[in-house]
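Biologist: I am new to this structure and would like to learn how to read its features one by one. Could we begin with the idea that has to be in place before a strand can be described?

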Amino acid sequence: MSDDGFPGDAIASISGPTQHHGHRSPSMNFDYLNYSFKSLSRTPSGENLAGVASKNAEDLERRFHMPNDEGMLHLKNTSPIVAKAFHKVLIANRGEIAMRITRTAHELGLKAVAIYAYEDRLSMHRYKADESYQIAPEGKYTPVGAYLAQDDIIAIALERNCDVVHPGYGFLSENAEFARKVEAAGLKWVGPLPETIDALGDKVKARAVAIKCGVPVVPGTDGPIDKVEDARAFCSEHGYPVIIKAALGGGGRGMRVVRGPEELDSAFERARSEALSAFGDGTVFIERFLDRPKHIEVQLLGDGQGGIIHLYERDCSVQRRHQKVVEIAPAPNLDGAVRDALLADAIKIARHVNYRNAGTAEFLVDTRGHYFIEINPRIQVEHTVTEEVTGLDLVSLQLHVAAGWSLADLHVSQERIAIRGFAIQCRVTTEDPAQGFQPDIGKIEVYRSPGGNGVRLDGGSGFNGSIITPHYDSMLVKVTCSGATFEKARRRMLASMVEFRISGVKTNMWFLLRLLSSETFIRGDCWTTFIDDTPQLFTVTKFRNRAAKLLVYLGDLIVNGCRIQGQVTAPAADLQEPAIPRLVDAQGNAVDVATAPPAGWRDVLLKGGPAAFARAVRQHKG
C-alpha cells in the first residue's frame with residue numbers, strides 16, 4: 001500500500017497531480033511500476049506492452065541509481081500506455097489550462113501542440129508547448145473568436161499529425177458540434193460523447209434527465225422559454241425571487257436574479273442577449289431562486305464502458321455574480337447524510353447517460369434539501385482541489401480514458417478513492433474589487449510568487465514583463481493550498497497571499513485576504529451570495545511595500561543628504577544645471593532643435609510600409 005492508501009498498481013497507472021512548489025504526490029516503488037505495466041500488458045488494440053514496460057522501469061532505476069527493492073521516487077505517469085495510443089495532443093485552449101494539460105502530456109510522453117490567436121501571440125502557454133501555431137491570420141477573427149474557429153483548429157490538428165484534441169474548459173469544451181467534427185476527422189476527443197454533451201450540456205435537457213432519474217431539482221419552467229410573457233406566467237404562479245439562466249454554457253453568463261416584477265422585463269432581455277453573445281444561443285429558462293444556499297458540486301469520472309466513479313465533492317459557494325472565487329474540497333460542515341445523497345444522485349445521472357471522461361454534477365443545498373442544477377461535461381477550473389485531496393491527476397485520467405482504457409484496466413474503483421485533508425483554491429485576478437471588480441490592463445513590472453509545502457500554483461499570464469490585455473479573462477494564477485485540516489489549509493493560503501508580490505496591475509489579493517479572514521469563511525458557512533451580502537469585505541486594505549519604501553529613503557538620502565540633526569553622512573549630491581549639448585549638421589552649422597526634424601527613413605516606413613522602405617534602402621546611394 002502507498003502512503004495514500006492506494007495499491008501500488010493504481011499509483012503506477014494514475015498518479016498525483018503536477019507538482020508545484022511543494023505539492024504532494026504519491027510515492028511510487030519501482031516494483032509497483034513494473035508490476036503495473038505487466039498487469040496492463042495489452043492496449044485496446046491488443047499490442048503487448050510488458051516488454052516496453054519492464055525496460056522502462058529498468059531505465060528509470062539506472063537513471064536515478066535507485067535499487068528496485070527499496071528505492072522510492074516521486075514520479076508520475078511514466079507509463080507508456082497513453083504514449084503508445086497517442087503521440088501528439090492538440091490543446092484547443094489558452095492560458096493556465098493549456099499549460100496544465102501540457103505538463104501532464106509531457107509526463108505521459110506526449111508532445112503538446114498549442115494554438116493561439118494573433119492577439120495572444122505573447123501568451124506563455126504557446127512557449128510551454130512543443131509546438132505552437134497561430135489559428136488564423138490577423139484580423140480574420142476576434143481575439144476570442146479565434147478560439148471558437150472549429151474548422152481552423154481541426155485543420156491545424158490534422159496538418160501537424162495530432163492524434164487527440166483536449167478542449168480544456170470554456171471555449172469549445174461543451175460544443176457537441178465541435179466534438180463531432182473532431183471525431184469525424186479521425187481524431188480522439190477528450191471529453192464526453194457528443195450525444196452526452198447534447199443531453200447534459202444544455203441545462204434544460206439535463207434537468208429533464210435528472211427528473212427522469214428521480215433526482216430533486218429546483219422548481220422551474222418545464223423547458224426553455226423565449227417570450228417574456230411566459231416568464232411572467234411562471235413568476236405569477238411561483239412568486240419571487242427567481243433566477244433566469246442561459247440553457248447553454250456556464251461561468252455565470254446569461255444569469256439574472258429577479259426579485260420583483262419591475263425587474264423582470266429588463267433582466268429577461270439582458271440574460272437572453274448575454275447568452276446569445278457568449279454561447280451563440282439565446283435560449284433561457286427560469287427557476288425559483290433559493291435564499292442563501294450552498295453550491296456543492298461532485299466530481300465525476302466515467303470510462304464510457306459502464307465504469308462510473310465520483311471523486312467526492314467541492315464547495316463552490318464563494319462566488320460573485322455566479323462566477324466562482326474560492327473553492328474548497330471537501331465541503332466543510334456538510335451533513336454526512338446530505339453528502340451521501342449528493343454523491344449517489346450524481347452517480348445516478350452519470351450512469352443513466354453512460355458518462356465518459358471527466359464531468360461535474362452541480363447542486364444547490366439549503367435547509368430543506370439538495371437540488372440538482374446542471375452537469376458541466378468537461379474539466380473544471382477548480383479541479384485542482386480535488387486532485388490535492390485525492391492524489392489523482394484528472395487530466396491524466398482523461399487522456400487514459402480517451403485512449404480506450406476502462407477504469408477497471410486502470411485499477412481505479414470507488415473503494416480505492418479516499419479523501420486526505422482539505423484543499424482551498426483562490427483565483428488571483430487582475431481585477432479591482434474596489435471598482436466593482438473592473439479588469440485592469442498593463443504590464444506586470446514585478447511578479448514574485450509564493451511557495452513551500454502544500455502550495456500549488458497553476459499560472460498562465462502571471463510573470464515579470466507579461467502584458468495583460470483586455471481581450472481575455474483576468475485570471476493570473478490559481479493558488480491551491482492543502483493541509484490536514486480546513487484551518488491549516490486556510491492559514492497556508494493566507495500566508496501565500498501575503499507572500500505574493502505583484503505590481504504594475506491591480507489585483508484582487510487584498511480582497512481575498514479579507515475574505516479568507518472573515519468569520520463566516522473561517523466557520524465554513526458561506527453561501528452563494530455571501531460576497532454581495534457582505535459589504536465590509538470591500539474595505540480596501542493597503543499592502544506595505546517595504547522594499548519600495550527603502551528605495552525611496554535611499555534615493556532621498558543620496559540626493560538631499562541626511563536630514564537628522566547631528567548625524568554625519570555623505571554630503572548631498574551636487575546637482576548642477578545640466579549642460580545642453582550643441583548640435584551641428586554636416587556642414588558644422590548649429591541645428592535649431594526647436595524646429596521639426598527633416599524627413600527620414602522612419603517617414604518612408606510609416607508612409608509606404610515595409611515594401612517601400614526596403615525599396616528606398618536599396619535605391620539609396622549613401
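Modeller: The idea is burial: a residue counts as buried when its relative accessible area is under 20%. Please keep in mind throughout that this is a predicted model.

Biologist: Which way do the residues of strand β3 point, and are they buried or exposed?

Modeller: The general idea is that side chains in a regular strand alternate between the two faces of the sheet. In β3, which covers residues 88-91, Lys88 and Leu90 point one way while Val89 and Ile91 point the other way, and all of them are buried. This strand is joined by four bridges to β4 (residues 111-116), the two running parallel, and Val89 has Ala112 as its bridge partner in β4.

Biologist: What is the order of the strands in the open sheet of three strands?

Modeller: The order is β9-β8-β10, and the pairing is antiparallel. At the edges are β9 (256-258) and β10 (284-288), each of which pairs on one side only, and neighbouring strands of this sheet are turned against each other by 25° on average, direction ignored. Between β8 (residues 242-246) and β9 there are three bridges, with Ile244 having Arg256 as its bridge partner in β9. Helix α11, residues 228-238, lies across β8 and β10 and runs at about 10° to β10.

Biologist: How should I read the angle at which the axes of α7 and α8 cross?

Modeller: For a pair of helices, an angle under 35 degrees counts as roughly parallel. The axes of α7 (residues 150-159) and α8 (residues 176-184) come within 10 Å and cross at roughly 30°, which means that α7 is roughly parallel to α8. Their crossing is right-handed, and the contact is made by Gln150, Asp151, Ile153 and Ile154 of α7 together with Glu177, Phe178, Lys181 and Val182 of α8. Sorted by class, this contact has four nonpolar, one polar and three charged residues.

Biologist: Why does Thr430 count as buried?

Modeller: Thr430 has a relative accessibility of 1%, and therefore it counts as buried. Thr430 is found in the loop between β16 (422-429) and β17 (431-432), and, leaving aside residues up to four places away in sequence, the residues that Thr430 touches include Gln438, Ile468, Leu476 and Val505.

Biologist: How many helices and strands does the chain have?

Modeller: The secondary structure of the chain comes to 20 helices and 24 strands, and buried residues make up 53% of its 622 residues.

Technical notes
Residues numbered from 1 in each chain as written. Predicted model: local features only at pLDDT ≥ 70, side-chain atom pairs only at ≥ 80, totals over all residues. Heavy atoms only, no water. Axes fitted to C-alpha atoms, helices over the stretch in contact; angles between N-to-C directions. Parallel < 35°, antiparallel > 145°, perpendicular 65-115°, else oblique. Left-handed = near helix turned anticlockwise from the far one by under 90°. Contact = heavy atoms within 4.5 Å. Nonpolar A, V, L, I, M, F, W, Y, C, P; charged D, E, K, R; others polar. Buried < 20%, exposed > 50% of the residue type's maximum accessible area, 1.4 Å probe, protein only. Pairing = 2+ DSSP bridges.
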